[in-house]
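I sat down with this one and kept a running notebook. Here is what I looked up, in the order I went.

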Amino acid sequence: MADISATKKQREPLIHVVKRDDMLSWQAWLIRGATVLIGLIIVGVLSMLVTQKGFFETYEIMYSGVFGKLFEGYTTMFWKYLQEIAILLCLALALTPAFKMKFWNCGAEGQALMGGLASIFCMIEFGEKLPYGVLIAVIAVTSILAGAIWGIIPAVFRALFNTNETLFTLMMNYIATQIIAYYVYIEGGGSNVINPVSAGNFPAVGKNDYFVNIVIVAVITILMFVYLKYSKQGYEISVVGESQNTAKYIGINVKKVIIRTMAISGALCGVTGMLLVAGKDHSINTNLVGGQGFTAILMSWLGQFNPFVMIVMTAIVVFLRIGVSKVADASLLNSSFSEIMVGIVILMLVGCEFFIHYSIKFRSKKKEVNA
Amino acid sequence: MKKFLAILLAVVFVVCTFAACGGNNSGEEEKKVDLKVGFIFLHDDQSTYDKNFMDAAKAACEAMNVEYAQKTQIPESRDCYDAAVELIEVDGCDIIFADSFGHESFLIEAAQKYPDVQFCHATGTQAHTAGLSNFHNAFASIYEGRYLAGVAAGLKLNEMIADGKITADKAKMGYVGAFTFAEVISGYTSFYLGAKSVCPSVTMDVKFTGSWYDEQLEKEAAQSLIAGGCVLISQHADSMGAPTACETVGVPNVSYNGSTISACPNTFIVSSRIDWTPYFKYMIQCVIDGKAIDTDWTGTIETGSVVLTDINTKAAAEGTAAKLEEVKGKLLDGSINVFDTANWTVKGEKLASYKADVDTDANFEADTEVIDNGVFYESKHRSAPYFDVRIDGITLLDEKY
């Protein structure tokens, strides 16, 4: 028995949280893997209870929703899956340098919309006038610039006036949405719809329309990994993120790094907009990005700012998103069902990071000798 | 690690139990017709617009004993094409139907790729010029339904005048519209003309929200119309905003897309809506019989596509039901034409000729003469509405595109 008077004086709480550094990387991955598995099982059980379908049937439907009849020669849906991953991943990659710098860019949506706007504008205005190669180059340059400018504006205000970038970038989303709405009104006439433009589309490779998009994002993924890990600028971003004062003392121009990094972040969002317009829709509306700019924030975090981990995370989340909405459609449920299911798994993934980095200690009966 | 294993085992056990009790409820399905319909919806059943289609899809497919699959939340983008491909390749659908205007171009693309599959699209405009034998548009002459609803509104105004609540010159209606384009203009004009046919002194104010679904904006628009002296409200937008605003202050309301009587027991008069069941049945029957589906199909009162809900006798004027039956009969036998130019003027003049943009092109060029023998024929040259004339008696308080 412990000394009662001593415990009264210095009462240990029932539960306390301790930071842990001792977890090996494979152990952490085991936990993440198990979380996804348990998440999938929970989704399966809940789906089964709601839809009255069999347990394994639910997974069959999910699988068919994502991969279709892949092994019977129908590849369209599989490519569509890769395309959805590519878009979400590209946005997550775009946000990563900013987040690493602890600049909370919540404006991926708007920056991508502006990139998309630049693309559709060039496709409509120069589509007939320029040769194909030049047109694509013009689309690429203007989209990148448009996204970058939309990212630089809040960065400049942050660097010079120390404004709150979270609110600033969020507000910029609304401005971008309204600009698109106005452009659609001008171009679409009374009908509020811009019909797909045939000029300036990315070429289909084989029978596959999304191949170019997927390759572009694959290249960006590798470049971003190298940039963050091995380049001097990548190092500067980490230092500014850790401590702006340290950065100043070792002679890093913090303002320059903030603006430059946001230009890159915005430019990559602009690229995403271009992929969506020139590589997919060939048209634009305010719903172009469909809220993925916000999902991407989570993807960047869950991927621990590592581009290759982000591939895994986006693949899981997109799988769930498509698969569960197929389950919902097959059972004539509405979309809230799929949103709830995806939400549950994302929440579990966020939660499991907590247990990887911290351990929970219960009050032990015996007093520990060394803390 | 032991603890972890124990938890994992427990989870696996629970799952197996569930798996064992699920999965045994198939096998009693009756023999269905070997045909499957795929539906693509813009939103899901939370939108009254999509719900109207979803209810009809269910009713038609059950009545025809065919299977169907659906994809909800499909934006007006390339996703529509992908959804069509999925419904064909994975679900094995033989007919694809999409419900939103912006789906059209992407559906046409899919129609080109799958010539053996029939594609049907509501509210679209391009089928009659696309030159595809497997792509079809459909709409309904909902202006006739609105006209009938307008008659009910006019009778209510007459009752208010007779009761001394308002004078004849104060008979002003308010209308909450979504966007300032043909579908909405055609709708409010036919509603107004219906009211005017029984209450000649009526005028109308129109306010637009710039959105198909925005409860707050629709509510505010209705409130400001009421504040501006409107004594009866109708709307062409998909939320409950306007009806509930009316119920709160006791202003009579003529609704759209379905009855709002449960939320507005004291003010709801009647509602018009398009019933898509006849079209779905028609399109399925065509495919079963191997016949061609109409390139441009217009549902009417006769086909059962344009319908009115039950009249709320608590709010409607006396004798409304009988009058509506009478007018409906006249619409059916052709003795009343909704857009008869004898009944309306533009800047004081009767319209003798009008060219509308019927064939879709980039410049929205007006291309087709639509007035014949003094009647503006809506939905004749194309199922989707093209009446966009601004007539006297209706004041547009704003414009939203």
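The entries below cover a helix pair, the contact between two chains, two sheets and one residue.

**Entry 1: before starting.** I noted that this is a predicted model.

**Entry 2: a helix pair in chain A.** I began with helix H4 (residues 76-100) and helix H11 (residues 254-281) of chain A, whose axes lie 7 Å apart at an angle of about 170°. An angle over 145 degrees counts as roughly antiparallel, so I wrote H4(A) down as roughly antiparallel to H11(A). Next I listed who meets whom. From H4(A) the contact includes A:Ile87, A:Cys90, A:Leu91 and A:Pro97. From H11(A) it includes A:Thr261, A:Met262, A:Ser265, A:Leu268 and A:Thr272. By class, I found 15 nonpolar residues and 3 polar ones in this contact, with no charged residues.

**Entry 3: where chain A touches chain B.** How many residues does each chain bring to the contact? I got 36 from chain A and 32 from chain B. On the chain A side, the elements giving two or more residues are helix H2 (25-51), helix H3 (55-67), H4, H11 and helix H13 (307-330). So both helices of my earlier pair, H4(A) and H11(A), turn up in that list too. H2(A) gives the most, with 5 residues. The chain A side divides into 13 nonpolar, 17 polar and 6 charged residues.

**Entry 4: the parallel sheet of chain B.** I then moved to chain B, where 6 strands form an open sheet in the order E2-E1-E3-E4-E5-E11, with parallel pairing. Which strands are at the edges? They are strand E2 (66-71) and strand E11 (296-299), and each pairs on one side only. From one strand to the next, the twist averages 20°. Looking further in, I saw strand E1 (residues 33-40) and strand E3 (residues 95-98) of chain B pair in the parallel sense over 4 bridges. Helix H2 (residues 48-64) of chain B lies across E1 and E2, running at about 160° to E2(B).

**Entry 5: B:Val37.** I picked one residue of strand E1 of chain B, B:Val37, for a closer look. Is it buried or exposed? B:Val37 has 26 C-beta neighbours inside 10 Å, and the cut-off for buried is 20 or more, so it counts as buried. Across in E3(B), B:Ile95 stands opposite B:Val37. Leaving aside neighbours within four places in sequence, I found B:Val37 in contact with B:Cys61, B:Val66, B:Tyr68, B:Cys93, B:Ile95, B:Phe97 and B:Ile284. I also checked B:Asp91, which is 54 residues from B:Val37 along the chain; their C-alpha atoms are separated by 9.2 Å.

**Entry 6: the mixed sheet of chain B.** Chain B also has an open sheet of 7 strands, with mixed pairing and the order E12-E10-E9-E8-E6-E7-E17. Strand E12 (306-308) and strand E17 (394-396) stand at its edges with a single partner strand each, so one side of each has no neighbour in the sheet. Here the twist averages 20° from one strand to the next. At the E17(B) end, 3 bridges join it to strand E7 (residues 203-208) of chain B, and the two run parallel. One pair I wrote down there is B:Met204 with its bridge partner B:Ile394 in E17(B). Last, helix H9 (residues 241-249) of chain B packs on this sheet, touching strand E6 (172-177), strand E8 (232-236), strand E9 (253-256) and strand E10 (268-274). The direction of H9(B) makes about 160° with that of E9(B).

Technical notes. Residues numbered from 1 in each chain as written. Chains lettered and ligands numbered in written order. Predicted model: local features only at pLDDT ≥ 70, side-chain atom pairs only at ≥ 80, totals over all residues. Axes fitted to C-alpha atoms, helices over the stretch in contact; angles between N-to-C directions. Parallel < 35°, antiparallel > 145°, perpendicular 65-115°, else oblique. Contact = placed C-beta atoms within 7 Å. Nonpolar A, V, L, I, M, F, W, Y, C, P; charged D, E, K, R; others polar. Pairing = 2+ DSSP bridges. Buried ≥ 20, exposed ≤ 12 C-beta atoms within 10 Å, placed from the backbone.
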